[in-house]
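Please open the model in the viewer and set the display to cartoon, with side chains available on demand. The tour proceeds one selection at a time.

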Amino acid sequence: MLEPDPKVVRELLTRYASLRIAQAERPRPAVLRDLTDVSYTLCVMMATTSVHDAVAKADALLLAKGRAAPEPRPADAGGESGLSLAV
């Protein structure tokens, strides 16, 4: 079975959360349409029929991938760790 790219999953979860907040603050048809699209995409990507299950599976995937990430390198003599400052 293919596993979704964690970066794409993270972006979808962020978009889903932002749209949920936007819709809760001020319901609009366009936001609801986008929320429905993102929810559907999450469900397909995570192989679920419920957006709540999709979010839970996506969170578990990201948590598992986060644990499998390599340890950061120790700082060199110049104090640089080699880690990017980009977020």
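Begin by selecting serine 39, which lies in helix H2. The model is a predicted one. Is serine 39 buried or exposed? Its relative accessible area is 14%, and because buried means under 20%, serine 39 counts as buried. Now display what surrounds this side chain. With neighbours within four places in sequence set aside, serine 39 is in contact with Tyr16 and Val51. These two contacts lead to the next two stops, since Tyr16 belongs to the H1 side of a helix pair and Val51 to the H3 side of another.

**First pair: H1 and H2**

Select residues 6-25, helix H1, together with residues 29-46, helix H2. Their axes come within 9 Å and cross at roughly 150°. H1 is therefore roughly antiparallel to H2, as angles over 145 degrees are classed in that way. The crossing of this pair is left-handed.

Next, show the side chains at the contact. On H1, select Val8, Val9, Leu12, Leu13, Arg15, Tyr16, Leu19, Arg20, Ala22 and Gln23. Their counterparts on H2 are Val31, Leu32, Asp34, Leu35, Val38, Ser39, Thr41, Leu42, Met45 and Met46. Coloured by class, the contact of H1 with H2 shows 14 nonpolar, three polar and three charged residues.

**Second pair: H2 and H3**

Keep H2 and add helix H3, residues 51-67. The axes of H2 and H3 come within 9 Å and cross at roughly 60°. H2 and H3 are therefore oblique to each other. Here, too, the viewer should show a left-handed crossing, with H2 passing H3.

Which residues of the two helices meet? From H2, select Ser39, Leu42, Cys43 and Met46; from H3, select Val51, Ala54, Val55, Lys57, Ala58 and Leu61. By class, the contact of H2 with H3 comprises eight nonpolar residues, one polar and one charged. Ser39 and Leu42 are among the H2 residues that meet H1, and both also meet H3.

**Last stop: valine 55**

Finally, centre the view on valine 55, in helix H3. Apart from residues up to four places away in sequence, valine 55 touches Leu13, Tyr16 and Leu42. Of these partners, Leu13 and Tyr16 are in H1, and Leu42 is in H2. To finish, draw a C-alpha to C-alpha distance from valine 55 to leucine 42: it should read 7.3 Å, for a separation of 13 residues in sequence.

Notes
Residues are numbered from 1 along each chain as its sequence is written. This is a predicted model: local features need pLDDT of at least 70, side-chain atom pairs count only at pLDDT 80 or more; totals for chains, interfaces and linings use all residues. Side-chain values use heavy atoms; hydrogens and water are left out. Axes are lines fitted to C-alpha atoms, for helices over the stretch in contact, and angles run from 0 to 180 degrees between N-to-C directions. Helices (H or I, at least four residues) and strands (E, at least two) are DSSP runs, numbered from the N terminus. Angles under 35 degrees count as roughly parallel, over 145 as roughly antiparallel, 65 to 115 as roughly perpendicular and the rest as oblique. A crossing is left-handed if the near helix is turned anticlockwise from the far one by less than a right angle, and right-handed if clockwise. Contact means heavy atoms within 4.5 Å. Ala, Val, Leu, Ile, Met, Phe, Trp, Tyr, Cys and Pro count as nonpolar, Asp, Glu, Lys and Arg as charged, and the others, Gly among them, as polar. Buried means under 20% relative accessible area, exposed over 50%, partly exposed in between (1.4 Å probe, protein chains only).
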